[in-house]
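Student: I am new to this structure and would like a close look at a single part of it. Could you take me through the helices and how they pack, step by step?

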Amino acid sequence: MSAVPIDVESRPGARLLLLLPALALLLLFLVVPMFSVFRTSFFPGTSSMGATGFTLSQYARFFSSTLYNSVLLETVAYGIIVSVGCIVLGFPVGYSLARMPPAKRRLRMILIIVPLTLSLVVVVFGWMVLLGRQGLLNNLLLALGLIEAPRQLLFNRAAVLVVLIQQFLPFMILSIMNVVLQIDPVLEHASTSLRATRLTTFRKVVVPLAAPGIVSGFTLVFVMTVSAFVTPRLIGGARTQMLGGLIFDEVLTTMNWPFGAAMSFILLAVGLGVLALVNMLVVRRITRGLHVR
Amino acid sequence: MNMSAVPARVTKTNTVVSFRGIEKSYGAFQAVAALSLDIRQGELVCLLGPSGCGKTTTLRMLAGFVEPSAGEIWLDEDNVTRVPAYRRDVGIVFQNYALFPHMTVAKNVEYGLVNINMPKAARQARIAEVLRRVELQHLADRYPRALSGGQQQRVALARALALQPKVLLLDEPFSNLDAQLRVRLREELSSLIRGLDMTTLFVTHDQEEALTLADRIVVMNKGAVEQIGTPEEIYDSPQTRFVAEFIGTCSLLEGRVDEGGDFLSERGLRFPVARRPGAATAIIRPEYVRHAAEAPGAPVHRAVVETSEYMGAATRLQLRVGDARLLMDGRYAPGRRPRAGDEIDIVIDPTGVRFVTDGN
């Protein structure tokens, strides 16, 4: 093989050849199964075994149930709250990492990435130890005299949100760090010399220029949150339901594949809808409104 | 060089910027040492020196990005040493222009005006005015990436001037431009700044830029000021060896002036000078070394041409006179240029010989 880079612009054949292995894998193990699931969601009845026909009844069942509708809404709300929480907590970290000398940044990045290498189950059980009735936090609060009896800290929405934010924060930090690395620090000096306070510089220079990274971080975290089911199940208990958990039950416990498939596609469509909306809003701001006032 | 503007300016004496014993240290490293400098209204002062000499640190201290370790900075009547950068009446054009890539030219210019809460109608008028001054009104709605380097520089200038700062700072303003454009923009910028009577401090490592643009030059080396003076003073009467070598080209001869009024170099070159006897370092610019035939009467030295470097208008000869080495610039008709190995007779114009005091 020659050492000359392949000019993929002028050689579509070469481009296709480079893409082919990954494309084949995705086609075979993602696109084909998804079509199959999509088709399943239009089967009548409660089983896909030998099923035929075409009906929207699975979708109708979902949208006519207040339970499912509220779980869907709640799932989207979780996605938005966790993403926004990650932005708020992750921006300062990502920004300061990007403005650090590379040697200092390396060690800190390892610290941020390490939690991602732990199994999700280990992380969740860790949180259960921390938040349980006999857990560290309860003991600490008791010792400090802030509470008189152990509190139930698990199995509520707040606990689920905290644990989800903890899990997905690294993705947001890395995403924001990467975009801030592209922003010339001199721009912030220029802004300051043009009478801008730190807050103005942040609002009108840093955030707009970091918007692509914030949006991609939002996308990642949102998608991972709405499809989460281990965390809500173990930390949230029976009272906090997310759609991912319901799909899991429907497919693996009830074995109602057509309805599970329909729920999957509703989640997919709503998720894509939210992301499209966010992208549209931000892109519009960048192309039209990113101006002074 | 804009000579005509100088006398009028010199009569103005009100000081706009005053550095008073400014120092900046980073741990044990002293970036700027004991710098004192007053800049008058409308004056164009240049900080000149090699990289790491402290010139950019000095500029950044005036802008407010770096806090001095000692000393005071005054702007007009105010001590601004501890005033944050965003409240200083200082405009700055950065080396890479630092235009906001997500804003149009007009919005870049408007940015500072919004920050000082100028009403919209006044902003629009000001934007139109400064863009007209830099002749960019037709590009008001373009984004910076669609502009050439020279145009970007003018936007950066317009953006800084829109706030009508008390002093304008230029950080290596021409280093990102190609040679031809550099000369043209230098003239444009100079006439624009002088037309506005704008007090300006600029930083460069390019001596030609400093000599052509500045009213006064501050030559800096290793954090310390070597000499402050007009371009003529800096070039014609360098006070230190560093200034002599950094600005222009020269031959340095160590030696002493004897009782008879002759300078005698350590390497045996002797010529008459007007100076008290004693140890001295003589500086001779290449243009003051001439062919003997052009200046009859002066002592003639026989020189061997070591190298002959054609530079277009002039030819630079490196000569050996006995053991001493001298540079000489000569102008020759085509084909008459001396070659390496030729022997020529030269004289040293005594009016062109200078002495520096530091013998380091």
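Tutor: Let us begin with residues 259-283 of chain A, a stretch that is 100% helix and 0% strand, with its end C-alpha atoms 36 Å apart. Please keep in mind throughout that this is a predicted model. The stretch is one of those that an unreviewed UniProt entry lists for chain A as "transmembrane region", a list that also includes residues 76-98 and 158-181. Over residues 158-181 of chain A, the chain is 96% helix and 0% strand, and there the end C-alpha atoms are 33 Å apart.

Two helices of chain A can now be looked at as a pair, namely helix H3, residues 66-98, and helix H7, residues 157-180, whose axes come within 6 Å and cross at roughly 45°. Because angles from 35 to 65 degrees are neither roughly parallel nor roughly perpendicular, H3(A) and H7(A) are oblique to each other. The crossing in which H3(A) passes H7(A) is right-handed, and the residues of their contact comprise 21 nonpolar, three polar and no charged ones.

From there we can turn to where chain A meets chain B, with 20 residues of chain A in contact with 22 residues of chain B. On the side of chain A, the elements that give two or more residues are helix H8 (185-193) and helix H9 (198-226), and H8(A) provides the largest share, six residues. By class, this side of chain A has eleven nonpolar, six polar and three charged residues.

In chain B, the unreviewed UniProt entry places the feature "domain: ABC transporter" at residues 17-247, a span that is 36% helix and 26% strand and whose end C-alpha atoms lie 25 Å apart. Chain B also offers a helix pair, in which helix H3 (residues 105-115) and helix H4 (residues 120-133) pack at an angle of about 125°, with their axes 10 Å apart. That angle makes H3(B) oblique to H4(B), and their crossing is right-handed. H3(B) contributes Ala106(B), Val109(B), Glu110(B) and Leu113(B) to the contact, while H4(B) contributes Arg123(B), Arg126(B), Ile127(B), Val130(B) and Leu131(B). These residues divide into six nonpolar, no polar and three charged.

Lastly, helix H6 of chain B, residues 179-195, lets us check a length, since its 17 residues at 1.5 Å a residue should span 24 Å, and its end C-alpha atoms are indeed 24 Å apart. H6(B) is followed by Asp197(B), which has a positive phi near 55°.

Methods: Residues are numbered from 1 along each chain as its sequence is written. Chains are lettered from A and ligands numbered from 1 in the order in which they are written. This is a predicted model: local features need pLDDT of at least 70, side-chain atom pairs count only at pLDDT 80 or more; totals for chains, interfaces and linings use all residues. Axes are lines fitted to C-alpha atoms, for helices over the stretch in contact, and angles run from 0 to 180 degrees between N-to-C directions. Helices (H or I, at least four residues) and strands (E, at least two) are DSSP runs, numbered from the N terminus. Angles under 35 degrees count as roughly parallel, over 145 as roughly antiparallel, 65 to 115 as roughly perpendicular and the rest as oblique. A crossing is left-handed if the near helix is turned anticlockwise from the far one by less than a right angle, and right-handed if clockwise. Ala, Val, Leu, Ile, Met, Phe, Trp, Tyr, Cys and Pro count as nonpolar, Asp, Glu, Lys and Arg as charged, and the others, Gly among them, as polar. UniProt positions are given in the numbering used here, feature names are shortened, and annotations may be inferred rather than shown by experiment. Two residues are in contact if their C-beta atoms, placed from the backbone, lie within 7 Å. The expected span of a helix is 1.5 Å times one less than its number of residues.
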